[in-house]
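Please open the model in your viewer and keep the sequence panel beside it, since each stop on this tour begins with a selection.

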Amino acid sequence: MYRPGKCKTPRRPGIRKASHTEKDPVGVYCRIRPLGADNEECCIEMISNSTIQLHAPDGLKANRNGEFKETQYSFKKVFGINTTQMELFEEVAKPLVEDLIQCKNGLLFTYGVTGSGKTFTMTGSPGEGGLLPRSLDMLFNSIGPFQAKRFVFKPDDKNGIDIQNDVDALLERQKRDTQPLVPKTPSSRQKADPEFADMISPQEACKAENVDEDCCYSILVSYVEVYNNYIYDLLEDAPFDPIRPKWLGIGTPVKNTDFVAPQSRILREDQNHNMYVAGCTEVEVKSTEEAFEVFWKGQKKRRIANTQLNRESSRSHSVFTLKLVQAPLDADGDNVLQDKNQVNVSQLCLVDLAGSERTSRTRAEGSRLREAGNINQSLMTLRTCMEVLRENQMCGTNKMVPYRDSKVTHLFKNYFDGEGKVKMIVCVNPKADDYEETMLVMRFAEMTQEVEVARPVDRPICGLAAGRRQRNQAFRDELSHRLDDLGRPYNADDAALLNQLIESFPPMPSCELVDPGDDQTLPRLIEVLEKRHHIRQLMAEQFNKAANMLNSMLQQFDGQLGNKENLIQDQQSKLSERDRVIINQKTELERLEKRSKTLEYKIDILQKTTDMYESDKRSLEQELETRAQKLQQELSERRRMEQHMQGMVTDAKLKWEKECERRVNAKQLEMQNKLWVKDEKLKQLKAIVSESSRGSSSSSSTERPEKPERPSRDRDRKYGQKRSASPSPGNVFRTRSGGQSVEFTDVETLRQESPTAPSRKRRSGSAEAPHNKEDQENWAPVASTSAALGHQKRRKP
């Protein structure tokens, strides 16, 4: 039996963005905080308006060679220690406020190490207002005259805005005033907090241009914090409910005087796939003072602690959101158009991120240690998201960005996906103790600049004619002027306006008829009625004239409007042509920018490759130099050995020449001895033969010839004196015969030896009688010589 598989829940399709969407890189700015003391060591140097250089402090080795390494980092703009809050606002936050009025979202956050000046940059101090109060002041200065009445725009529970008419808004205001338990919106008539009263001087107040006067505006603010990866509402008022008792986590009821701890909020996604904090309190404000009071109310609840690095260290990420709601006026230019589709909502998020820190320096323990761990983890998730976005954009990959790993990145997911501009201010402390943390911050900022965010699209233009508010105001002014001429000032809310017009007629006389013969009352009444009728006719004629004049003026205005519309159409056609030209130029510019980025990327790769090759070249040159030194040493050693060997060869050569000469002399002596022995034998044979012939008598009388002299002995002694000092066998002679070494003595030794003992040991060694034929032949002369000498000794008397 076939069982169908479990069906998966279909994924909701997201909003598809056009592939040709223009993108802008994340704007990263750097602000350098002044040193706390003049004698502190500084590790940051501002080279130009966009570049800083980091110097390694004394006692810190930046690389393995022990050399100090200097690194440079570039930003969109660098603000030095003398930069004022106004200059920073003009450069960074003012364009975001102008885009907010033009229905474009924005995200501005500060990033840096603990104690680098992030909270001061965002909030400021009395007399030196930061980015947040200046943004509020500029926003209210721009839209102040065009604000809608309170509660005309009412937020719903799904990140949307509902429009209420004047009656519902009035009832809502009355309900708020009559219910004391409902949190009230701060009134603009109340005195502002003294800590924020003098943040912005009147000379520094600024105003945005190009504000649409045909719209009604309203500002909603919210303030949340992300603490230990949980979102808390800082504007929430949660008093104790006496009817429903609350319980603590350990099962103990809360006292009547206590307040329940705030509950964490969750993130949700609306129908437009935008992330928002569900159940977050949104307060409608009508002035800068009200917004300051709301902000200060939440600021007092923010979690701040004292650490080793900062006396007032933020332990959470704070998010202050400005939501601007705007809707067009109706055709009369008097009331808000009751069409929810025409409502445009834009928001600006001002984020003060908690500072990254090392627990080894802060010596945090317990809850402080947990807070530091969660802060570092959320900042690491932000860094990871930036790295994945950069890799997807540069390499064309489609890796999933881990927004959900942290509440901070999950909340700002839409901004990085193309829902508004993103800017970051990197705050750095130039003191040497923060050098390593500052290096990590600089690397993150350098990488963030390469991330591109889609440029927000312009809001749709309402189809109603422009200038509705001005025409309505001009009509009101004209009507007031006409009524002022009649003797009474104009009041649009006065219900007796019609009575005023009626009372301008002549008074009616008494119409009572007492006498039938009264002939004065009726004629007087007829006369008054005729006058009233005449006045009515005159008023009707004036009204008709005014109506005709107004119609002619309207027709004239319609003609002018038609001409202006034709002119506008012509201008729009020209503008569309220019837009096409601009689009073509932008596409060409994008192509050139992409090519430039590709070439820059290739240049970076080639630069890195060149650096690698240069390092390899230096190492190879060092190795080659080392080997050359070793080779030079070997060559010098070889020369020395060659000289030593030449000396040894020369000595050996002289030695062997002397040895050969000695052996030649010995051989000559041996041959002379052999010849002498042979001569002796011949003489003996002759003597024997002569004795046998002469007889025994004559043999006795015959004398033996004397032995001839041996002049070679003296020569041998002479050569013997020239012999080298090397040890020699003396009277022992060696010869090579048949592959064996044979030793023999000279003739004098042979004379002293017995002929029957040829193998007798000598001083230089022993020699046995040869066994082969060649040795016997070489041995025979010596043996015969020895025998002859022995026989001669025996016969000698």
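Begin by selecting helix H3 (residues 131–143) together with helix H6 (residues 288–299), which pack at an angle of about 150° with their axes 9 Å apart. That angle makes H3 roughly antiparallel to H6, a label given to angles over 145 degrees, while those under 35 count as roughly parallel, 65 to 115 as roughly perpendicular and the rest as oblique. The axes are lines fitted to C-alpha atoms, for helices over the stretch in contact, and angles run from 0 to 180 degrees between N-to-C directions.

This is a predicted model, in which local features need pLDDT of at least 70 and side-chain atom pairs count only at pLDDT 80 or more, whereas totals for chains, interfaces and linings use all residues. Residues are numbered from 1 along each chain as its sequence is written, and side-chain values use heavy atoms, with hydrogens and water left out.

Stay with the same pair and show the side chains: Leu132, Pro133, Leu136, Asp137 and Phe140 in H3 meet Thr288, Ala291, Phe292 and Phe295 in H6, where a contact means heavy atoms within 4.5 Å. The residues of this contact of H3 with H6 divide into seven nonpolar, one polar and one charged; Ala, Val, Leu, Ile, Met, Phe, Trp, Tyr, Cys and Pro count as nonpolar, Asp, Glu, Lys and Arg as charged, and the others, Gly among them, as polar. The crossing of H3 and H6 is right-handed, the term used if the near helix is turned clockwise from the far one by less than a right angle, with anticlockwise giving left-handed.

Next, keep H3 and add helix H1 (residues 85–101), whose axis comes within 9 Å of that of H3 and crosses it at roughly 50°. H1 and H3 are therefore oblique to each other, and their crossing is right-handed. On the H1 side the contact includes Gln85, Met86, Leu88 and Phe89, and on the H3 side Leu131, Arg134 and Ser135 are among the residues that take part. The residues of the contact of H1 with H3 divide into 10 nonpolar, three polar and three charged.

From H3, move along the chain to Pro145, which is found in the loop between H3 and strand S10 (153–155). Is Pro145 buried or exposed? Pro145 is exposed, with a relative accessible area of 61%; exposed means over 50%, buried under 20% and partly exposed in between, with a 1.4 Å probe and protein chains only. Now draw a distance from Pro145 to Glu213, and you will find that their C-alpha atoms are separated by 8.9 Å, although the two are 68 residues apart along the chain.

The next selection is Asn165, in the loop between strand S11 (161–163) and helix H4 (166–178). Asn165 is partly exposed, with a relative accessible area of 36%, and its C-alpha atom is separated by 8.1 Å from that of Val336, which is 171 residues away along the chain.

Then select Asn228 and Asn229, for which the backbone is the thing to inspect. Most residues other than glycine have a negative phi. Asn228 has a positive phi of about 55°, and Asn229 has one of about 65°. Asn228 sits in the loop between strand S12 (215–227) and strand S13 (230–233), and Asn229 lies in the loop between S12 and S13. At 13% relative accessibility Asn228 counts as buried, whereas Asn229, at 32%, counts as partly exposed.

For the last local stop, go to Val26, in the loop between strand S1 (23–25) and strand S2 (27–32). At 4% relative accessibility, Val26 counts as buried. Leaving aside residues up to four places away in sequence, Val26 touches Val422, Thr448, Gln449, Val451 and Val453. Val26 and Ala454 are 428 residues apart in sequence and 9.9 Å apart in space, C-alpha to C-alpha.

Finally, return to the whole protein, which has 18 helices and 25 strands; these are DSSP runs numbered from the N terminus, with helices (H or I) of at least four residues and strands (E) of at least two. Of its 797 residues, 35% count as buried.
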